[in-house]
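Open the model in a viewer and keep the sequence panel visible. The stops below are given as selections, each with a short note on what is there.

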Amino acid sequence: MPEPYSIKTAQSVLDDLRERLVRTRWPDQIDGAGWDYGTESGYLQDLCAYWANGYDWRSAEQRLNEWPHFLTTIDGTGLHFIHARSTHAGAIPLLLTHGWPGSIVEFLGVIGPLVDPPAHGGDAADAFDVVCPSLPGYAWSGPTRQRGWDVRRVADALAALMTELGYERFGAQGGDWGGLLTSQLGAYHAHRLLGIHLNLVITPPPTEADMAGLSEAELAALGRMAAFQRTEFGYQAIQGTKPQSLAYGLNDSPAGLAGWIVEKFRTWSDCGGDVERAFSRDDLLTNIMAYWVTGTIGSSTRLYYESMKGGAFPVPDIRVSAPTGVAVFPKEIFSPPRRWVENHYHLCHWSELPRGGHFAAMEQPALFVEDVRAFFRLFRSEV
């Protein structure tokens, strides 16, 4: 059964972190290079100097601990989660799932409005009980210890968690891995799902018929997707084939870890090239700290290896029959045409948002919350 948990990092871990940051051996960078080679050196050095001398992890811990945390064991592995119950009648149980290189930190700005809408200018009729887990192998769930923790097994574990909490029927929301996991739930646990809401939706490879009749906007989106696959998939290739080789450097060097993660937040977000236009410096570091203080960057990347090896990546091999809502944020890394989504999902809601990218809940919390509310209003009578 779940046991209450509080995030509390030993001071020795923080002292060691600062020493490593101060002693970073910085690589050279070609004169005039920007972010085209990867994370730009000047930016990362400034970020790490702030991390060592200005960033306050204890305040971040306090913010995280404003919500009730728990630990349990599912299918032989540890699972950490926030369980924020609403006080409002008719609240829908909502499983809120992050991806890589994110964490529960992505959702700190949306849990409150989802759980207690009136306190944030909303209607009590839109309330949710939020269950927000750290994925197996991520952050406070601790590392996985067995082979086989692919996307299908993780989805089954999340369904088991909801059973353990007494929720036979529930809603689910996710982006990145969270979107893939939520799609797995919508396919293989459809009878338990009121509905699923996705801010990243993946479809099977298109057929010749799928390519016919696409609009100029849809063709442009596919062009951006193709460019992303050509230039931005290196991380996925190494994490899906040799994650252990990568883990030695990322688990040992905080500057290396920050360089690996921050570049993704910059490239995948709606920031116009300035990552701190979309995220505060503190929030970027708090998300990185979720990996650093728990030593789980290596086990987090194994989800790619296990899923690619097990053939469960990236989409369910059956139709997703749970009612599905999709929020399309303009700078999302993958945005298939609506018709393709309709072919593989029971699509009930489709919205195109004016701004935001891959980390939707963190970038645009108000837009994210309102779209989640709008979709699940379709199912309030079923609670």
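The tour goes from the sheet to a helix pair and then to single residues in a predicted model.

**The sheet**

Show the strands first. Nine of them form an open sheet with mixed pairing, in the order S1-S2-S3-S5-S4-S6-S7-S8-S9. The edges are strand S1 (3-5) and strand S9 (345-352), each of which pairs on one side only. From one strand to the next the twist averages 25°.

Next select S4 and S5. These two strands pair in the parallel sense, over four bridges. To find the register, pick Pro-93, which stands opposite Asp-129 in S5.

**Strand S7 and its neighbours**

Select residues 193-198, which make up strand S7. Is this strand enclosed or not? Six of its six residues are buried, so S7 is largely enclosed by the rest of the structure.

Add strand S6, residues 170-174, which runs parallel to S7 and is joined to S7 by five bridges. Within this pair, Gly-174 stands opposite Leu-198 in S7. Now trace the chain between the two strands: the path leads from S6 through helix H6 (residues 177-188) to S7, a β-α-β crossover that is right-handed.

Then add strand S8, residues 320-328. S8 also runs parallel to S7, and three bridges join the two. His-197 stands opposite Gly-325 in S8.

**Helices H5 and H6**

Keep H6 on screen and select helix H5, residues 151-164. The two helices pack with their axes 9 Å apart, at an angle of about 70°. Angles of 65 to 115 degrees count as roughly perpendicular, and H5 and H6 are therefore roughly perpendicular to each other.

Show side chains at the contact. On the H5 side are Val-151, Arg-152, Val-154, Ala-155, Leu-158 and Ala-159. They meet Trp-177, Leu-180, Leu-181, Gln-184, Leu-185 and Tyr-188 in H6. The residues of this contact divide into ten nonpolar, one polar and one charged.

Bring the strands back to see how H5 sits on the sheet. H5 lies across S2, S3, S4, S5 and S6, and runs at about 115° to S2.

**Backbone exceptions**

Most residues other than glycine have a negative phi, and most peptide bonds are trans. The next three selections depart from that pattern.

Select Trp-100 and Pro-101. A cis peptide bond joins them, with omega at about 5°. Pro-101 lies in the loop between strand S4 (92-97) and helix H4 (111-115).

Go to Asp-75, in the loop between strand S2 (69-74) and strand S3 (77-84). Asp-75 is not a glycine, yet has a positive phi of about 50°. With a relative accessibility of 46%, Asp-75 counts as partly exposed.

Then go to Ala-139, in the loop between strand S5 (128-134) and H5. Ala-139 is not a glycine either, and its phi is positive, at about 45°. With a relative accessibility of 5%, Ala-139 counts as buried.

**Three residues and their surroundings**

Select Thr-203, in the loop between S7 and helix H7 (216-231). Thr-203 counts as buried at 8% relative accessibility. Which residues is Thr-203 in contact with, leaving aside its neighbours within four places in sequence? They are Val-315, Phe-334, Pro-336, Trp-340, Val-341 and Tyr-345.

Move on to Met-362, in helix H15 (residues 360-363). Its relative accessible area is 13%, and Met-362 is buried. Beyond its neighbours within four places in sequence, Met-362 is in contact with Val-105, Glu-106, Phe-265, Ala-278, Phe-279 and Asp-283. To place Met-362 in the whole chain, draw a C-alpha to C-alpha distance to Asp-28: the two are 32 Å apart in space and 334 residues apart in sequence.

Finish at Gln-29, in the loop between helix H1 (11-22) and helix H2 (41-53). Gln-29 is partly exposed, with a relative accessible area of 30%. Neighbours within four places in sequence left aside, the contacts of Gln-29 are Thr-39, Glu-40 and Ser-41. A second C-alpha to C-alpha distance, from Gln-29 to Tyr-5, spans 43 Å in space, with the two positions 24 residues apart in sequence numbering.

Terms used. Residues are numbered from 1 along each chain as its sequence is written. This is a predicted model: local features need pLDDT of at least 70, side-chain atom pairs count only at pLDDT 80 or more; totals for chains, interfaces and linings use all residues. Side-chain values use heavy atoms; hydrogens and water are left out. Buried means under 20% relative accessible area, exposed over 50%, partly exposed in between (1.4 Å probe, protein chains only). Two strands pair if DSSP finds at least two bridges between them. A crossover is right-handed if, with the strands pointing away from the viewer, the path from the first strand over the helix to the second runs clockwise. Axes are lines fitted to C-alpha atoms, for helices over the stretch in contact, and angles run from 0 to 180 degrees between N-to-C directions. Angles under 35 degrees count as roughly parallel, over 145 as roughly antiparallel, 65 to 115 as roughly perpendicular and the rest as oblique. Contact means heavy atoms within 4.5 Å. Ala, Val, Leu, Ile, Met, Phe, Trp, Tyr, Cys and Pro count as nonpolar, Asp, Glu, Lys and Arg as charged, and the others, Gly among them, as polar.
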